[in-house]
There are 2 protein chains.
Amino acid sequence: MNQIIPIQSKILSENDRLAGEIRSELRKKKIFSLNLVSSPGAGKTTLLEKTISALQDRIRIGLIAGDVQTENDANRLLKAGGTAVQPLVTAGACHLDAKMISGVLPRFDLSNLDLLIIENVGNLVCPSSYDLGEDKKVVLLSVPEGDDKPLKYPAMFRRSAVLVLNKTDLLGTSDFDIERAKMNARSINPDLHIFAVSCRTGDCLVDWFDWLQEMVKASKGL
Amino acid sequence: MNQIIPIQSKILSENDRLAGEIRSELRKKKIFSLNLVSSPGAGKTTLLEKTISALQDRIRIGLIAGDVQTENDANRLLKAGGTAVQPLVTAGACHLDAKMISGVLPRFDLSNLDLLIIENVGNLVCPSSYDLGEDKKVVLLSVPEGDDKPLKYPAMFRRSAVLVLNKTDLLGTSDFDIERAKMNARSINPDLHIFAVSCRTGDCLVDWFDWLQEMVKASKGL
């Protein structure tokens, strides 16, 4: 695969350049932005549904729903009450990139947004390499996936600022140990900010909501 | 990304050529071979642990344990009693390819194998594009991931011959509907052979073991 490396590097540096442009545009508009990544089925869309319900009266939220196929996630977010939701179907590609985000961004009224959340494709490997111009990457890991995953997919956990441990309602149904999960994650990235939540029952989601509101305020310089 | 397409095609056609060589070598030796794919944490390694325990006295099993980082899976399989186990760490790459398999295959005594199972990297997107020379691709989908996944990641379900629906012990903990999961999977690939099992409790695993033994017999022309 040696012959692919120069082109791969060129694509990544072009991606970084575009991501930088996106980042400065969003910061100029004082929008706080997140890139939400995880395995398929870890609960990204459910977390966003709950976030919309809880915060949309207080924060103006824009959502980009990335998917390999189907606009199902975007439709779920619209049903949950999201008003600024854009689907982004990659037609088979395994990650979002900055060029895709640049293509979708003009569909938002950025002067009317406080928070932009990009829901990436369900994939714990490839999206880690592509900066989308976000302020912070948030990785979800769900209890049924196992507490060893930070060690097995380290790049994603190293490059994320926040870990949401989801499906805590399923603790006890497997040998998942929440302290071991945190320890494994922090052995890869000691600075990770960790929330352990259940999107199903709502348990501890308030901590996530509070953090989001703090970050939005800070982005506005309040 | 247009500039990557000719090289991507070249890589894939070189991969197909190598996969063809692997396939004919394995068939000449009358070894039945599987490429096991899924999201991270769907239960590939646990399925293999159970398979080793149940069948190793009757079938000579070789295992290639693919991982992005760590040899944890290979170590688990060795502990489970696997005798012919080879780790294959991709060092960050998101899928196995035929060249990696060609590199590992000489470490096996192929004249003493009946069944070769390749455990791919946990990723429901990229591994679907790479033929490894296996007889059949087997995709695992676990209950906590959601019954919509075949529609959202169609390539993997289209290219697999077998679907193992795992973690049926967690049915009832979410809105996962097993009939809807089967219907979604068959809408993508009507020929899918489906096993609904729980690797944790052992429920219905005997059907999977019987199928494997039938396939091994057929590969030997028995």
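**Close-up views of a two-chain predicted model**

Chain A holds 8 helices and 7 strands. Keep in mind that this is a predicted model. The legends below go from the whole chain to its details.

**Figure 1. Chain A as a whole.** Along its principal axes, the C-alpha trace of chain A spans about 50 × 45 × 35 Å. How does its radius of gyration fit with a compact globule? A compact globule of 222 residues would come out near 17 Å, and chain A has 17 Å, so the two agree. Buried residues make up 56% of the 222 residues in chain A. Now look at the contacts in chain A with a separation of 6 or more: 74% of them are between residues 24 or more positions apart.

**Figure 2. Chain A and chain B, side by side.** Try laying chain A on chain B: a turn of 180° and a shift of 0.0 Å along the axis does it, with an RMSD of 0.0 Å. The two copies are therefore related as by a two-fold rotation axis. Which surface does each copy use to meet its partner? The copies meet through the same surface, because 100% of the interface residues of chain A are also interface residues in chain B.

**Figure 3. A:Glu14 in helix α1.** This view zooms in on A:Glu14, which sits in helix α1 (residues 5-28) of chain A. Is A:Glu14 buried or partly exposed? With a relative accessibility of 37%, A:Glu14 counts as partly exposed, because it falls between the 20% limit for buried and the 50% limit for exposed. Its side chain makes a polar contact of 2.9 Å with the side chain of A:Arg17. For a sense of scale, find A:Leu163: it is 149 residues away from A:Glu14 along the chain, and their C-alpha atoms are separated by 28 Å.

**Figure 4. Aromatic rings in chain A.** Over all chains, the count comes to 8 aromatic pairs. One of them joins A:Phe195 and A:Trp208, an edge-to-face pair with 6.0 Å centre to centre and 80° between the planes. A:Phe195 belongs to strand β7 (residues 193-196) and A:Trp208 to helix α8 (residues 205-219), so the pair ties together parts of chain A that are 13 residues apart in sequence. Both A:Phe195 and A:Trp208 are buried. These two also have company, as A:Phe32, A:Phe195, A:Trp208 and A:Trp211 form one aromatic cluster.

**Figure 5. The matching rings in chain B.** Here B:Phe195 and B:Trp208 make an edge-to-face aromatic pair, with 6.0 Å centre to centre and 80° between the planes. B:Phe195 lies in strand β7 and B:Trp208 in helix α8 of chain B, so this pair links parts that are 13 residues apart in sequence. How accessible are the two residues? B:Phe195 has 7% relative accessibility and counts as buried, and B:Trp208, at 1%, counts as buried too.

**Figure 6. Helix α8 of chain B.** At 1.5 Å a residue, the 15 residues of α8(B) should span 21 Å, and the end C-alpha atoms are indeed 21 Å apart. Which residues of this helix are buried? They are B:Leu205, B:Trp208, B:Phe209, B:Trp211, B:Leu212, B:Gln213 and B:Val216. An α-helix has 3.6 residues a turn, so residues three or four places apart point the same way. The buried residues of α8(B) pack against several elements of chain B, including β1 (32-38), α2 (44-55) and β7. Just after α8(B), look for B:Gly221, which takes a positive phi of about 75°.

Definitions and conventions: Residues are numbered from 1 along each chain as its sequence is written. Chains are lettered from A and ligands numbered from 1 in the order in which they are written. This is a predicted model: local features need pLDDT of at least 70, side-chain atom pairs count only at pLDDT 80 or more; totals for chains, interfaces and linings use all residues. Side-chain values use heavy atoms; hydrogens and water are left out. Helices (H or I, at least four residues) and strands (E, at least two) are DSSP runs, numbered from the N terminus. Buried means under 20% relative accessible area, exposed over 50%, partly exposed in between (1.4 Å probe, protein chains only). A polar contact is a pair of N or O atoms within 3.5 Å; within protein, one must be able to donate a hydrogen and the other to accept it, and residues adjacent in sequence count only if both atoms are side-chain atoms. Rings of Phe, Tyr and Trp (its six-membered ring) pair if their centres lie within 6.5 Å; planes under 30 degrees apart count as stacked, over 60 as edge-to-face and the rest as tilted. The expected span of a helix is 1.5 Å times one less than its number of residues. Contact means heavy atoms within 4.5 Å. Copies are superposed by least squares on the C-alpha atoms of residues with pLDDT of at least 70 in both. The radius of gyration is taken over C-alpha atoms; the globule rule is 2.2 Å times the number of residues to the power 0.38.
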